[in-house]
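Thanks for passing this one along. Here are my notes, in the order I'd go through them with the model open on screen.

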Amino acid sequence: MTRLEKRLLATVARASIDFRLLEPGDRVLVAMSGGKDSYGLLHLLHRLEQRAPFRFSLVAVNVDQGHPGFPKNVLPEWLAARGYEYRIVEEDTHSIVKSKVPAGKTYCSLCSRLRRGILYNVACELGATKIALGHHADDVIETLLLNLFYSGQLKSMPPRLRSDDGRNVVIRPLVYCAEADLAELARELAFPIIPCDLCGSQENLKRKRIKALVAELGRENPKLRGNLLAALGNVRPTHLLDAELRAQLGLDEARGQDDFLDGDQARSSEPLLLRRPQPLVAT
Ligand code: SF4
């Protein structure tokens, strides 16, 4: 193993311990798009499978979404040559996305939702206990900033999440890995990367701008990415304005709720702590 592989492997192991991503007896469906991150994810999980003090297994799954020019043979040949258990699922979501999304808009939101639904079903068919996705630390940071800047929400990508219907557990073992390291690993190991622009989606300009902003600020402050990632693990609810969360945690002392209210407000049955502030800007 190269030094880079060792470092990335330690990083994945750290995430697994921190968030209980891999557990004894797990059968992990590894989502393979053919991009550098998905190859890195499968490779690192395979290395970990060989070294972990408990047994778990992997099954790589690629959803062939019917993108024009998708090189169908690349992934099966690569996976078979390395002895991976794998499944290729053919579902033409591309036609659905093209017919539903207005011209000029990015396809990604609908495309990834459809793909996720397919993966959830395939995971059940294959008896997988977890679904591993290849999002890395830079995705986590960019998603945090996108939500802050454009959605008014303080959230990012969870390292481990049970699906709404309770059937699946999604994990992100690369949450602590830098994208630049995964790109370097892809070069070192000559992964046969499948281009991600076959779908013909418009570029997500907001994400692109956030990426550029982080890169620019990162040149001034090399600790910037690390600090943003650390902030997600260092949350102080006492210093936030989420009244619901504060109520759940019992952070504010109970007081006579009517003390500061006018007549109409005082008659409302909704607890003061659960009322949302009005947005400053009309939406
Ligand atoms: S880049 Fe293309 S394939 Fe990837 S999520 Fe967006 S629309 Fe789907």
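How many helices and strands are there in the protein?

1. The count is 11 helices and 6 strands. Keep in mind as you read on that this is a predicted model.

2. Some overall numbers, before the details. The protein has 283 residues, and 39% of them are buried. Its accessible surface comes to about 16,800 Å², with 53% of that belonging to carbon and sulfur atoms. If you take the contacts with a separation of 6 or more, 74% are between residues 24 or more positions apart.

3. I'd look at strand β2 next, which covers residues 57–64. Is it mostly covered or mostly open? Mostly covered: 7 of the 8 residues in β2 are buried.

4. On one pairing, β2 goes with β1 (residues 27–31), in the parallel sense and over 5 bridges. If you want a spot to click on, L29 has V59 in β2 as its bridge partner. Between these two strands the chain passes through helix α2 (residues 36–51), and the resulting β-α-β crossover is right-handed.

5. β2 also pairs with β3 (residues 86–90); these strands run parallel too, joined by 5 bridges. Two positions to check here: A60 sits opposite Y86 in β3, and N62 sits opposite I88 in β3. Which helix goes with β2 and β3 in a β-α-β unit? That would be α3 (residues 74–81), and the unit is right-handed.

6. Now for the surface. Which residues form the nonpolar patch? They are L148, F149, Y150, L154, L213 and L217, and together they have about 540 Å² of accessible area. Helices α6 (137–151) and α8 (205–220) each supply at least two of the patch residues. The largest share comes from α6, with 3 residues.

7. One patch member deserves its own point: Y150, which is placed in helix α6. Why call Y150 partly exposed rather than buried or exposed? Its relative accessible area is 40%, and partly exposed is the class between under 20% (buried) and over 50% (exposed), so Y150 falls in the middle class. Patch residues need over 30% relative accessible area, a cut-off that Y150 passes with its 40%.

8. To go back over it on screen, I'd start with β2 and its parallel partners, β1 and β3. After that, turn to the nonpolar patch, with α6 giving the largest share.

Conventions
Residues numbered from 1 in each chain as written. Predicted model: local features only at pLDDT ≥ 70, side-chain atom pairs only at ≥ 80, totals over all residues. Heavy atoms only, no water. Pairing = 2+ DSSP bridges. Helix = DSSP H or I, 4+ residues; strand = E, 2+ residues; numbered from the N terminus. Right-handed = clockwise from strand over helix to strand, strands pointing away. Patch = residues over 30% accessible without salt bridge, like charges linked within 9 Å, V, L, I, M, F, W, Y side chains within 5 Å. Areas by Shrake-Rupley, 256 points an atom, 1.4 Å probe, with all protein chains shown as cover. Salt bridge = Lys/Arg side-chain N within 4 Å of Asp/Glu carboxyl O. Buried < 20%, exposed > 50% of the residue type's maximum accessible area, 1.4 Å probe, protein only. Contact = heavy atoms within 4.5 Å.
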